[in-house]
Amino acid sequence: MLRAEELHKSFGKLAATDDVTVEFGRSEAEHVFIVGPNGAGKTTLVNLLTGLLSPDAGRIVLDEEDITNHSPEERVHAGLVRSFQVVRLFESMTVRENVRLAVLSREGKTGSALSLVDEHEAVERDVDDLLDQFRLAEHADQVASELPHGDRKLLDVAMSFALEPEYLLLDEPTSGVSTRETEHVIETIVEVSEREGVTTVTIEHDMDIVTGYADRIIALHQGSVHGEGPPSLIETDDELRQLLLGVDE
Amino acid sequence: MRPDDELRSWPGLVERDGESHLRVTRGLVLSRRQAGFALVVLAATFAIPDITTLAPSLQLTVLHQGLLFGLAAIGLNLLLRHTKLVSFGHAAFFGTGAYTAAVLATHYDVQSMTVLLVAALVAAGLMAAVIGYLSLRHTGLYFSLLTLAFGQLLYALVQGQSFFGSSDGLPVRPGPANRPLVFGLALEPEVYSVVMFYVTIVVLVASLVVMWRLVNSPFGAALDAIGEDRQRARFIGIPVRRYVWAAFVVSGLYGGVAGALYGMVRQHVRPEPTLHFLSSGDILFMAILGGYETLVGPLVGGTVLVFLQDVGRDVTAYFDLLTGVVLLLIVFGFPSGIVGSLQHGGRLRVAGRQLRADPTVVGDWLAAAGRAILTGVGVWLRNLGSVVGVR
């Protein structure tokens, strides 16, 4: 279980995260979606959970261990992995090299300065598997910056899964992806995370996706939890619907 | 089975695609042409002491110094090329190596070249660990400024201490032979300088192979990732700070061994050429001049720059101008440096292709040339001004 307890984070006078207590992974491979209007503090919450920001108060607990003061890389090795809203790849490296780096990191091999980067056979097998799973095999030797956008997103996700997370936090995984490819990206994420037993925490604006895939939603408003429950909450909670539709586009 | 597993000896010949290849180290396999080229270069390098006796305009010590600064630049390039950090203070490690040799030779009469080298490595490694730890709290401009500041701090400290011989520096002349012992041997002056040159070549080749292995290892890939996107690297679990620190120390070790050899070759160490920030700038410039996107570029850059500076001193009073002009040429004409440009198949061919594709590119070239000339004239005027005392 990944738990945030009474988290606070302010930027100047603005309380971006205000007394937030939430938990993820109540069941195996739970899909939790975080919704809320712009400025509700969704990304700040993800940044706090993953260690990009440190909270002013409160704690973060991962599988009964307090990780509030752990560095991002320690959290990654503890099974807490994130992706960014804008796809961030190692642009001058090939698709294979990007995925390989993530696998090497998971295996704790990036510190090896005496071996060759491509001679770890178990790693190479894993890389091939991942490339197949995310249908990137044909692009394996292409430089990341030359990939079409949909594949860039998939590569980003493939690198996240290469780290074998227990919890995967996705900040708008479909942003910038064409409507046609949106479904493919989400389907792939859901499919792989269910097979691997990964709990996902996803920030999403597209309510069709939320109602289609969420086990549970958490609605944020002005830094606080407005409500949480099944995705049908969006239909039944009038105030929430107002918030999501009224302020958001 | 990996192709180069067919033969496990080192070094060795391997068959690949029906042709024999030379295997230098695991993974580094040269084709016939490449191996031939490498052998010719190596042979030519070993023949340099002979060549310099035939051609008086070439001086062994100058070339030797060029190679040593180049070695330091190879180390600096680990940071520049892979982690994308610009260090303006690498003379600190060159100087630490040189002064470690000098202090041990002068104050403690340590005679063995090997001991001096190892001690210099240790000292430079420690120095890099400390300076790196403090400088790497920042990236970008502030990192560069911190390395510059620490380098100058060291320079000022050494220059002000009589223990280090102040601005006169210290000799590196231990023992009755007045020179370090090379593998226990007291050599005659002429023999000593030639043998030290060969020692340098051996150290250079070993350093290049080690660097090749390092940048082609998982650690090297992690450094590349850090250079591209530091934050993303952290979020795939790479301990960025620790790795960059390690790279900084390695890069300092290269400076240290180069500096120690420099001290032993010159047999005297002064603060200006070893510790001053202008030397740091030179080392950085060498990497760019030779081509910082390549492994051997910094070495070529070091040799060429030191040679040019030496020749320039004889030819013109404005020898600083020469460095300026070369720098301009590189930035405007050959941004990938000497080795980089050679690898890209020649600037002229590229220019020819550009011209055929779009003739208006001539306008850009003229503009660049105009800017280069104006800047050159500016530098020249400033030099002229300082010579005739005009402010």
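**Exercise 1.** Determine whether Val81(A) is buried or exposed.

*Solution.* Start with the cut-offs: a residue is buried if 20 or more other C-beta atoms lie within 10 Å of its own, exposed if 12 or fewer, and partly exposed in between, with C-beta atoms placed from the backbone. Val81(A) has 28 other C-beta atoms within 10 Å, so Val81(A) is buried.

The structure is a predicted model, in which local features need pLDDT of at least 70, side-chain atom pairs count only at pLDDT 80 or more, and totals for chains, interfaces and linings use all residues. Residues are numbered from 1 along each chain as its sequence is written, while chains are lettered from A and ligands numbered from 1 in the order in which they are written.

**Exercise 2.** Find which residues Val81(A) touches, leaving out those up to four places away in sequence.

*Solution.* Contact requires C-beta atoms, placed from the backbone, within 7 Å. By this rule Val81(A) touches Val76(A), Ser160(A), Leu163(A), Pro165(A) and Leu168(A).

**Exercise 3.** Identify the buried residues of α6(A) and explain why they lie on the same side.

*Solution.* First, locate the element: helix α6 of chain A covers residues 179–196, a helix being a DSSP run (H or I) of at least four residues, numbered from the N terminus. Next, list its buried residues: Val185(A), Ile186(A), Ile189(A) and Ser193(A). They cover an arc of only 90 degrees around the axis (taken from the directions from the helix axis to the C-beta atoms), which puts them on the same side of α6(A). In general, an α-helix has 3.6 residues a turn, so residues three or four places apart point the same way. Finally, check the face turned away from the buried side: Arg180(A), Glu187(A), Glu191(A) and Arg195(A) are exposed there.

Conventions
Two residues are in contact if their C-beta atoms, placed from the backbone, lie within 7 Å. Helices (H or I, at least four residues) and strands (E, at least two) are DSSP runs, numbered from the N terminus.
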